[in-house]
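Colleague: Please pick one part of this model and take me through it closely. I want partners, burial and contacts, with the cut-offs stated as you go.

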Amino acid sequence: MSAKVVAITGGAQGIGRAVSYAFAAAGYAVSIADPAEDAGEEAAAHIRELGARCLYEHADTSQEIDVQRWIARTVEDLGCPHVLVNNAGILANRPFLELPIAEFDRVQAVNVRGTVLCSQAVAREMVKHGRGGAIINISSTRAFMSEPGTEAYTASKGAISALTHGMAISLGPVGIRVNSVSPGWIETSDWQFSGRAKEPHHSKADNDQHPVGRVGVPEDIAKACLFLADSADFMTGQNITIDGGMTVKMIYA
């Protein structure tokens, strides 16, 4: 149990899978919580092939009992997490006037409640084990810009951004840094369970929307998470936008 330990929610597919693989390659033991069992088992098997220890737990991180079970098993099998990446998130995109409140509540439960539950559980273990650590929340550029019909997701990401600076102040005295990453357009279709993965295709217009000349990939977010975990000792309560410059490009109709 000499390796550092990272706990990642939604770590089986998409951005979460790339983050899981990146931390494993960096020498971390990886604990994944995800409701997609086929993808979770596949991701865990690949991480073990990389030579890292990995635990996969089938869990709904909006449910306190699932979170408690996952973190207890993580501590027992791998050790107390040094890093938590709150990545799990869902969408419910509908015209605002047609959005069922139950769907709105479900998005907040997974994206916001889950972030709180997992952060509390991991922070308590960090305090119990007498050391600090890092919490990284995956927010979104949707926290500060929108398209029609995205209110449920936008509200959840705005809450995550606010939670980030709130938690940073509350957890700073116990040595826990809290930061967030806001991805822009990140292509994840080829980072799904192998039975559902698809080769991505982007037009010139898609790429040209980004000052860097391409759509983002999950590895872009994984690199930012590793930086916040290992190299940002004097950074807390901050957000890093990873969007290829898309949100700073002026658009005239």
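**The sheet and its surroundings**

Modeller: I start inside the sheet, where Asn 86 has Asn 137 of strand 5 as its bridge partner. The model is predicted: local features need pLDDT of at least 70, side-chain atom pairs count only at pLDDT 80 or more, and totals for chains, interfaces and linings use all residues. Numbering runs from 1 along each chain as its sequence is written, and side-chain values use heavy atoms, with hydrogens and water left out.

Strand 4 (83–86) and strand 5 run parallel and are joined by four bridges. Strands pair if DSSP finds at least two bridges between them. Strands (E, at least two residues) and helices (H or I, at least four) are DSSP runs, numbered from the N terminus.

On another side of the pairing scheme, strand 4 pairs with strand 1 (residues 5–9), in the parallel sense, over three bridges. There, Ile 8 has Val 85 of strand 4 as its bridge partner. Now look at the side chains of strand 4. Val 83 and Val 85 point one way. Leu 84 and Asn 86 point the other way. Each of these four residues is buried, where buried means under 20% relative accessible area, exposed over 50%, and partly exposed in between (1.4 Å probe, protein chains only). In a regular strand the side chains alternate between the two faces of the sheet.

Step back to the whole sheet. Seven strands form it, and it is open. The order is 3-2-1-4-5-6-7, with parallel pairing. Strand 3 (54–58) and strand 7 (239–242) stand at the edges with a single partner strand each, so each has one side without a neighbour in the sheet. On average, neighbouring strands are turned by 15 degrees against each other, direction ignored. Angles run from 0 to 180 degrees between N-to-C directions, with axes fitted to C-alpha atoms, for helices over the stretch in contact.

Next, the strand 7 edge. Strand 6 (residues 176–183) pairs with strand 7 over four bridges, again in the parallel sense. Val 181 stands opposite Ile 240 of strand 7. Helix 7 (residues 218–230) packs on the sheet here. Helix 7 touches strand 4, strand 5 (133–138), strand 6 and strand 7. The direction of helix 7 makes about 165 degrees with that of strand 6.

Ser 182 also belongs to strand 6. Ser 182 is buried, at a relative accessible area of 1%. Residues up to four places away in sequence aside, Ser 182 touches Ser 139, Ser 140, Thr 141, Phe 144, Asn 239, Ile 240, Thr 241 and Ile 242. Contact means heavy atoms within 4.5 Å.

Now the strand 3 edge. Helix 2 (residues 37–49) lies across strand 2 (29–34) and strand 3. Helix 2 runs at about 175 degrees to strand 3.

Charged pairs come next. The model holds twelve salt bridges, counted where a side-chain nitrogen of Lys or Arg is within 4 Å of a carboxyl oxygen of Asp or Glu. One of them joins Glu 42 and Arg 17, at 3.1 Å from N to O. Glu 42 is in helix 2 and Arg 17 in helix 1, so this bridge ties together parts 25 residues apart in sequence. Glu 42 is partly exposed, at 24% relative accessibility. Arg 17, in contrast, is buried at 6%.

Another bridge sits within one helix. The side chains of Arg 73 and Asp 77 meet at 3.6 Å, N to O. Both residues lie in helix 3 (residues 64–77), four residues apart, about one turn of the helix. Arg 73 is partly exposed at 33% relative accessibility, and Asp 77 is partly exposed at 37%. This pair belongs to a salt-bridge network linking Glu 57, Asp 66, Arg 69, Arg 73 and Asp 77.

Last, a bridge that involves helix 7. Arg 214 and Asp 220 form a salt bridge, their closest N and O atoms being 3.0 Å apart. Arg 214 is partly exposed at 37% relative accessibility. Asp 220 is buried, with a relative accessible area of 17%.
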